[in-house]
Each structure stands twice: as C-alpha cells, then as structure tokens.
There are 2 protein chains.
Amino acid sequence: MRILLIEDERELAEALSAALGKHGIVTDHTMQLADAVELTRQNGYDAILLDRRLPDGEGLSFIPELRRTGKDTPIIVLTARNEPKERIEGLDLGADDYLGKPFLVEELMARLRAVLRRSPELAELKITAGRMVIDPLHLSVTVDAVPLDLPRRELLVLAALARRKEKTVLRSTLEAAVYNYEEEIQSNALDAHISRLRKRLIDAGAGVAIHNIRGVGYLMKEE
Amino acid sequence: MRILLIEDERELAEALSAALGKHGIVTDHTMQLADAVELTRQNGYDAILLDRRLPDGEGLSFIPELRRTGKDTPIIVLTARNEPKERIEGLDLGADDYLGKPFLVEELMARLRAVLRRSPELAELKITAGRMVIDPLHLSVTVDAVPLDLPRRELLVLAALARRKEKTVLRSTLEAAVYNYEEEIQSNALDAHISRLRKRLIDAGAGVAIHNIRGVGYLMKEE
DNA sequence: CCACAAGAGTTGCGGCAGCATTGCGGAGCT
DNA sequence: AGCTCCGCAATGCTGCCGCAACTCTTGTGG
C-alpha cells in the first residue's frame with residue numbers, strides 16, 4: 001500500500017508518515033503541487049492525501065488535473081478550511097472525502113480504509129496464495145487459518161509478491177513497496193528480506209516459493 | 001462495547017458517560033446531529049442513544065438518515081417528550097426503544113442489554129477463550145466457572161482480544177476499545193494493562209496467552 | 001569446458017525502536 | 001482512612017533490520 005501526501009507543513013507530514021508507516025503504508029511526500037502530477041505519473045498510488053493551502057496554489061486544483069490524466073485514485077482532502085460550503089466545494093470537485101484539521105490519525109486511518117474499500121482495484125482485500133491468506137489492510141497472514149506473524153518489512157515484500165503471484169515483480173517494484181524515496185538503501189537489504197522470508201515460509205509450510213529472475217526481479221509460485 | 005450518545009445537556013451527558021463507563025461501556029459524545037452521521041461512519045457503534053430536542057434539529061430525523069447508510073445499529077431514544085403519541089412516532093421511525101426522562105441508569109442499562117441481545121452481530125454474548133468465559137454485557141469473566149474479577153480497563157482489553165482470538169488485533173483497535181476520543185493517552189498505558197493482565201491470566205490459569213506482534217498489535221492464543 | 005564476473009544468497013553484528021515491567025502518586029470508592 | 005485502579009515514566013530487554021563480509025549461482029566469452 002502506497003500513498004502520496006501533498007502537504008506543506010513539514011511537521012505534520014512527518015508525523016503522518018510515521019503513523020501511516022505503522023499501519024504498513026508507505027508514504028511519498030511532496031510540498032508542492034508542481035511535483036505532484038509527476039509523482040502520480042511514475043508511481044501509481046493507492047490513495048492521495050491533499051492539503052488545500054499550498055505554497056504554489058490551491059490544492060483542489062490538483063483534482064481535475066489528476067482526473068484529466070485518466071486516474072481515479074481516491075483523494076482525501078486534509079485542510080483547516082472546514083466550513084460546510086468548502087466541504088461541498090471539495091467533494092463536488094471529485095474528492096472522495098474531506099477531513100478538517102486538526103484530526104486524529106485514527107480517524108484518517110478509518111476514512112482511508114473506507115475509501116479503499118470502495119475502490120474496485122483493491123477488491124483484493126484478501127490475497128490468497130498457496131495456503132496463505134494475506135490481509136494487507138490489517139497486516140495479517142494466516143497459513144491454513146493459523147496466524148503467522150511476520151516482521152513488517154517482510155510482510156510488505158510478501159504482499160507485493162503475492163498480489164502478483166505467478167508473475168515476475170521487478171526488483172524496483174519491490175523496493176518501492178517497502179521503502180519510500182526518502183529511505184534510501186545502499187545495501188542488499190531487500191535480498192536479506194527475501195532470504196529470511198523464504199526461510200519462514202518454508203517453516204510455516206506456506207505452499208509457495210519465491211524464485212529469482214536474474215537481473216529482473218522475483219516471482220512467487222504456488223506449489 | 002462502544003456507544004454513541006447524542007445529547008445536548010452537558011451535565012446529563014457526563015453523568016451518563018460516567019455511569020456507562022462503570023459498566024464497561026465506552027461512550028463517544030456529541031451534542032450535534034451534524035457530527036453524528038460522521039461519527040457513525042468511522043466508528044461502528046454497538047448502539048446509539050439519541051435525544052430528541054437538539055440545538056440543530058429534531059433528533060428523530062437522524063434515524064432514517066442513519067438507516068439510509070445501511071446501518072441497523074440499535075437506537076434508543078431518550079427524551080422528555082414522552083407522550084404515547086410521541087413514543088409511537090419514534091418507534092415507527094425505526095427506534096428500537098424509547099425511554100422518557102427522567103430515568104434510572106439501571107433501567108437504561110437493562111434496556112440496552114435487551115436491545116443488544118436482539119442484535120445478531122453481538123450474538124457473541126458470551127465469548128469463550130481457553131478456560132475462560134467472558135460476558136461483556138455483564139462484565140464478568142469466569143475460569144472453569146470460577147469468577148475472576150478484573151479491573152475494568154483490563155477487562156475491556158481482554159474482551160477485545162478474546163473476541164478476535166487467534167487473530168492479530170491492531171494496537172489502535174485496542175485503544176479504541178478502551179478509550180473514547182476525548183481521553184487521549186500519552187504514555188504506554190495500554191502496555192501496562194497488557195502486562196498486568198498477562199500476570200493475572202497466568203495466576204488464574206486462564207489457558208490463554210497474549211502475544212505481541214511487533215509494530216502491529218497483539219494476538220491472543222489458546223494453549 | 002573452463003575462467004571470470006556480476007548478480008543473488010546467507011549470516012553475524014550492532015544500533016535502535018518498540019515492548020515489558022514495575023514503583024509511584026493522584027483520584028475515586030467504600 | 002484505607003483500598004484499588006490506572007496513568008505515567010524510568011528502566012531494562014527483545015527483535016527488527018540495515019549493513020557488510022563472504023559464499024554460491026548463473027551466464028558469457030574464449
């Protein structure tokens with residue numbers, strides 16, 4: 001799960017990013033509208049959190065701009081401008097939800113879940129692979145209904161592979177599923193995750209195997 | 001157990017909230033209809049207590065509004081308008097019960113229990129886990145039929161975990177089960193509850209264990 | 001078919017974030 | 001007053017995970 005946060009208050013952005021991270025959500029952050037379109041073009045987010053007052057303009061203007069590129073990514077507007085009239089304005093422009101500041105992170109999470117539930121692409125609320133069932137929204141994995149607890153990062157790798165099982169997943173795609181562009185890694189951390197994950201999957205009898213496609217990425221196969 | 005109280009008399013609201021709290025019910029409170037729909041969307045209450053005379057309108061109008069969103073949460077109307085004709089009006093609009101002010105808290109509790117008993121979602125009137133039987137409506141726990149008395153908050157944590165035994169429960173879900181949105185906690189109070197609860201469960205030989213899922217939440221397993 | 005290089009796999013280490021435990025003191029109940 | 005509950009914070013502990021060293025695998029060219 002990956003979202004884009006468009007917000008110019010650095011402190012709020014960092015707090016949000018940390019909080020979302022604990023729910024297994026990877027957050028990319030930009031402070032400017034100018035970058036936002038570019039980012040959505042490259043990355044394909046599951047949702048977008050949008051501030052209204054931004055240094056380079058009114059955030060709402062981003063909504064039609066995004067829709068024009070054919071994307072219907074859910075958008076939640078976060079703003080201090082919370083009069084009924086302003087809410088209506090935002091929703092009519094195509095926002096999926098509208099949340100006044102200040103807000104509780106838990107409220108945001110709940111709304112995010114609600115919005116994603118409606119989104120058809122993520123009807124994969126449960127992913128099954130081999131004997132596993134993965135619930136990425138609640139961060140849980142079971143093997144034959146027995147819960148299997150995995151470290152967060154390994155779980156993210158697993159989910160990314162299982163979501164596209166039987167297909168190769170680019171190495172870069174996997175990295176994107178686990179790290180945002182601020183957390184750079186300069187080692188084989190991903191390989192290490194894969195290695196440890198494989199071991200755990202065997203121990204648990206998960207009924208899947210992770211194959212390597214040299215120079216390209218990885219591939220999950222059911223057995 | 002979590003309910004929403006829609007009531008504009010602050011004093012009554014606080015008294016009720018306190019009284020319900022002693023019965024292990026977490027109460028969210030709003031004085032306005034305007035917020036109520038919003039709150040139900042995020043929180044999924046087990047029941048709603050509704051006043052008729054509210055600053056922004058007739059409380060009853062909330063009932064069809066809620067039903068239209070597909071929720072059939074039980075609603076109890078609390079009001080000074082207690083003529084037979086008014087009662088009928090309320091019930092016909094879809095309220096599950098109608099209680100004239102003033103009333104005894106005990107009567108309210110009894111009606112609440114009655115209403116909840118009918119609710120299919122809470123057919124889990126008794127939760128069993130290991131050697132325990134938990135009755136969240138009457139706030140009791142027994143181990144092999146021997147009563148075990150637990151502090152209120154620990155009991156709430158226990159019930160929340162037992163209700164979803166063998167599954168991970170998000171940390172935030174547990175917090176929501178124990179605290180309403182006005183009581184914020186800025187410490188590891190939850191961890192402390194877990195710790196003390198664990199000790200008591202061992203002493204009592206409850207036949208369950210609470211495991212931690214690092215960065216995610218907790219998980220109750222039977223032994 | 002061998003040599004070699006580059007990518008992939010494995011594993012121990014260490015820093016650190018999140019968790020567990022517990023004493024303290026205020027608040028509320030009897 | 002004496003009790004329990006429970007939030008708070010100090011302390012110690014655990015395990016995640018980035019890192020890097022080293023080995024193993026695979027593909028290529030001679």
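## Exercises on a predicted protein–DNA model

26 residues surround DNA strand C, the closest being A:Asn188, A:Arg198, A:Tyr218, B:Asn188 and B:Tyr218. A residue is near a strand if one of its heavy atoms lies within 4 Å of it. This is a predicted model: local features need pLDDT of at least 70, side-chain atom pairs count only at pLDDT 80 or more, and totals for chains, interfaces and linings use all residues. Residues are numbered from 1 along each chain as its sequence is written, chains are lettered from A and ligands numbered from 1 in the order in which they are written, and side-chain values use heavy atoms, with hydrogens and water left out.

**Exercise 1. Describe the surface near DNA strand C by residue class, and list polar contacts to the strand.**

Step 1. Sort the residues. The surface has four nonpolar, eight polar and 14 charged residues. Here Ala, Val, Leu, Ile, Met, Phe, Trp, Tyr, Cys and Pro count as nonpolar, Asp, Glu, Lys and Arg as charged, and the others, Gly among them, as polar.

Step 2. Check the DNA side. Of the strand C atoms within 4 Å of the protein, 63% belong to sugar or phosphate and the rest to bases.

Step 3. Find polar contacts, meaning pairs of N or O atoms within 3.5 Å; within protein, one must be able to donate a hydrogen and the other to accept it, and residues adjacent in sequence count only if both atoms are side-chain atoms. A polar side-chain atom of A:Arg214 sits 3.1 Å from a base nitrogen of strand C. For B:Arg214, a side-chain N or O atom is 3.4 Å from a base nitrogen of strand C. A:Lys199 places a polar side-chain atom 3.5 Å from a phosphate oxygen of strand C.

Step 4. Name the elements. H8 of chain A and H8 of chain B each give two or more residues to this surface. Helices (H or I, at least four residues) and strands (E, at least two) are DSSP runs, numbered from the N terminus.

**Exercise 2. Which parts of DNA strand D do A:His193, A:Arg214 and B:Arg196 contact?**

Step 1. A:His193 has a polar side-chain atom 2.9 Å from a phosphate oxygen of strand D.

Step 2. A side-chain N or O atom of A:Arg214 is 3.5 Å from a sugar or linking oxygen of strand D.

Step 3. B:Arg196 meets a base: its polar side-chain atom lies 3.3 Å from a base oxygen of strand D.

Step 4. Place these in context. Helix H6 (152-163) and helix H8 (189-204), in chain A and in chain B, give two or more residues to the surface near strand D. That surface divides into eight nonpolar, eight polar and eight charged residues.

**Exercise 3. Trace the pairing of S14(B) with S12(B) and S13(B).**

Step 1. Strands pair if DSSP finds at least two bridges between them. Strand S12 (residues 168-170) and strand S14 (residues 217-222) of chain B are antiparallel, with three bridges. B:Thr168 has B:Leu219 as its bridge partner in S14(B).

Step 2. Strand S13 (residues 208-213) of chain B runs antiparallel to S14(B), joined by six bridges. Here B:Ala209 partners B:Lys221.

Step 3. Inspect the turn. S13(B) and S14(B) form a hairpin with three residues between them, and B:Gly215 in the turn has a positive phi of about 80 degrees.

**Exercise 4. Is A:Asp51 buried or exposed?**

Step 1. Locate the residue. A:Asp51 lies in strand S3 (residues 47-51) of chain A.

Step 2. Apply the cut-offs: buried is under 20% relative accessible area, exposed over 50%, partly exposed in between (1.4 Å probe, protein chains only). A:Asp51 has 3% relative accessibility, so A:Asp51 counts as buried.
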